[in-house]
Amino acid sequence: MFYKSLILPILQLINPEFSHLIAEKFFQLPFFKIFTPILFKSKSKKTSTNVLGIELSSPIGLAAGYDKNCKILNPLLSLQFGFVTGGTITLEERFGNPKPRLFHLAKEKSLINSLGFPSLGLEKINKNLQIDHDNSIFLSVSGINEDEIIECIKTLENKTEVFEINISSPNTEGLRLFHNHSELSKLIEKIKNISKNKILIKLPPWLESEKQIFLDLGKTAILSGADGLVVANSLPTNDEKLAVGKGGKSGKVLTSNTLRMIAETRSSLGPGPIIVACGGIFDSKDVWNALALGADLCQGYTGFIYEGLLYAYNINKGLIQMMIEKNVSSIDQIKGKSLV
Ligand SMILES: Cc1cc2nc3c(=O)[nH]c(=O)nc-3n(C[C@H](O)[C@H](O)[C@H](O)COP(=O)(O)O)c2cc1C
């Protein structure tokens, strides 16, 4: 309540990139590190799930893009996420697109961004990843050609157990290269040759009319050796408030589209490959519905911005409550249940 009625309105008055910077500093304060693990505790045996052979304490994770330079992954994890995704990490330092490039659409609980991968670059981010990491840290990497991505994978191989390959940012033209099936196959096969880690491919979102194009791309990814898919990135949109005129929309406006895509993806892939639902995940009902339709895990970014520090905490609490009400004893058992 305090966050939504007081902090969020103030943050929305400030330039969104500046308010992100303030949040980043806040998460680095020593008191945050000491007190959050004590004050925020909502994960339990009931919320734990084994995915990709990794025991995660909750199915809700933080999506890529919030901690691009991997400075605050552990404080974020202490907010009761089951996993957090650092990055997207790029080989070279990048400044991204010209500003303005990030807006709140508060009434819609959505964001529009055209950041275009601002990144400190692999060398500096690798230094940020020196301490304290565990298997709940996923790393998102990308590049505009195969060599850039392979270099990131080689360097970061021992810093994670799960790589998420971002081939879908709507703000970086070069990524479309990997929408070509043979380029994507080649990339994944090369990664599998040099990495023992699990590989998730992050797809762009699709409309119902385009579904076969992206379901086929997802299938190619899995047949080439990827362990799963993240469905999906932000939705491409035009907006004249952005300096570059186009970007990606995220948040509540995506929820129903995400649930449709999860059902389509599971039906296309069958059981086995991992599916991570991403886009408009705001509360425990969204997580429940995504799992019921075939997702293994969920990620949120914009929900975290609008719901605040208790985002993952409340999702875990809500899931436990729903599991008790519906007589479900594990996260796995939610799969195939009816929607709420
Ligand atoms: C400001 C912003 C920056 C983002 N940066 C990245 C990124 O670097 N890499 C990536 O894969 N996705 C990035 N995303 C996309 C999110 O990870 C997510 O796929 C998308 O926002 C949909 O989820 P949501 O509705 O929960 O925000 C970004 C999203 C936002 C809003």
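Reader: I'd like to learn to read strand pairing in this model. Which residue in β12 stands opposite Leu111?

Author: The partner is Ser250. Do keep in mind that this is a predicted model.

Reader: How many bridges join β6 to β12, and in which direction do the strands run?

Author: There are 4 bridges, and β6 and β12 run antiparallel. As a general idea, strands count as paired once at least two bridges link them. Now widen your view: β6 and β12 belong to an open sheet of 4 strands, ordered β5-β6-β12-β11, with antiparallel pairing.

Reader: Which strands form the edges of that sheet?

Author: Look for strands that pair on one side only: here these are β5 (102-105) and β11 (235-238). Neighbouring strands in this sheet are also turned against each other, by 30° on average if direction is ignored.

Reader: How many strands are in the closed barrel, and in what order do they run?

Author: The barrel has 8 strands, and you can trace them as β3-β4-β7-β8-β9-β10-β13-β14. The pairing there is parallel. From one neighbour to the next, the strands of this barrel are turned by 25° on average, again with direction ignored.

Reader: Could we zoom in on one pair? How many bridges join β13 to β14?

Author: Strand β13 (residues 274-278) and strand β14 (residues 297-300) are joined by 3 bridges and run parallel. For an example to find on screen, pick Val276: its bridge partner in β14 is Leu297.

Reader: Let's go on to helices. At what angle do α10 and α12 cross?

Author: The angle is roughly 60°, and the axes of α10 (residues 284-292) and α12 (residues 311-325) come within 8 Å. An angle under 35 degrees would count as roughly parallel, and one from 65 to 115 as roughly perpendicular. The crossing angle therefore makes α10 oblique to α12. In handedness, the crossing is right-handed.

Reader: Which residues make that contact?

Author: From α10 come Ser284, Val287 and Trp288, while α12 brings Ile315, Gly318, Leu319 and Met322. Sorted by class, this contact of α10 with α12 holds 5 nonpolar and 2 polar residues, with no charged ones.

Reader: Are α9 and α10 roughly parallel or oblique to each other?

Author: Their axes lie 9 Å apart and the packing angle is about 20°, so α9 and α10 are roughly parallel to each other. α9 passes α10 in a right-handed crossing. On the α9 side you will find Thr255, Thr258, Leu259 and Ile262, and they meet Asp286, Asn289 and Ala290 in α10. That contact divides into 3 nonpolar, 3 polar and 1 charged residue.

Reader: And how do α8 and α9 cross?

Author: Helix α8 (residues 211-223) and helix α9 (residues 255-269) have axes that come within 10 Å and cross at roughly 50°. α8 and α9 are therefore oblique to each other, and their crossing is right-handed. In α8, Lys211, Leu215, Gly218, Lys219 and Ile222 meet Glu264, Thr265, Ser268 and Leu269 of α9. The contact of α8 with α9 has 3 nonpolar, 3 polar and 3 charged residues.

Reader: Now the ligand. Which residues come nearest to the ligand?

Author: Out of the 26 residues around the ligand, the nearest are Ala63, Gly65, Ser250, Tyr301 and Thr302. You met Ser250 earlier, as the residue opposite Leu111. At least two residues of the shell come from each of β6 (110-113), β12 (246-251) and α11 (302-307). By class, the shell has 9 nonpolar, 15 polar and 2 charged residues.

Reader: What about the backbone? Where is there a cis peptide bond?

Author: One joins Lys99 and Pro100, with omega about 0°. To locate Pro100, go to the loop between β4 (83-89) and β5. Another cis peptide bond joins Val231 and Ala232, where omega is about 10°. Ala232 sits in the loop between β10 (228-231) and β11.

Reader: Is the phi of Cys70 positive or negative?

Author: Positive: phi is near 55°, in a residue other than glycine. You can find Cys70 in the loop between β3 (60-62) and α4 (73-77).

Conventions: Residues numbered from 1 in each chain as written. Predicted model: local features only at pLDDT ≥ 70, side-chain atom pairs only at ≥ 80, totals over all residues. Axes fitted to C-alpha atoms, helices over the stretch in contact; angles between N-to-C directions. Parallel < 35°, antiparallel > 145°, perpendicular 65-115°, else oblique. Left-handed = near helix turned anticlockwise from the far one by under 90°. Contact = placed C-beta atoms within 7 Å. Nonpolar A, V, L, I, M, F, W, Y, C, P; charged D, E, K, R; others polar. Near = placed C-beta within 6 Å.
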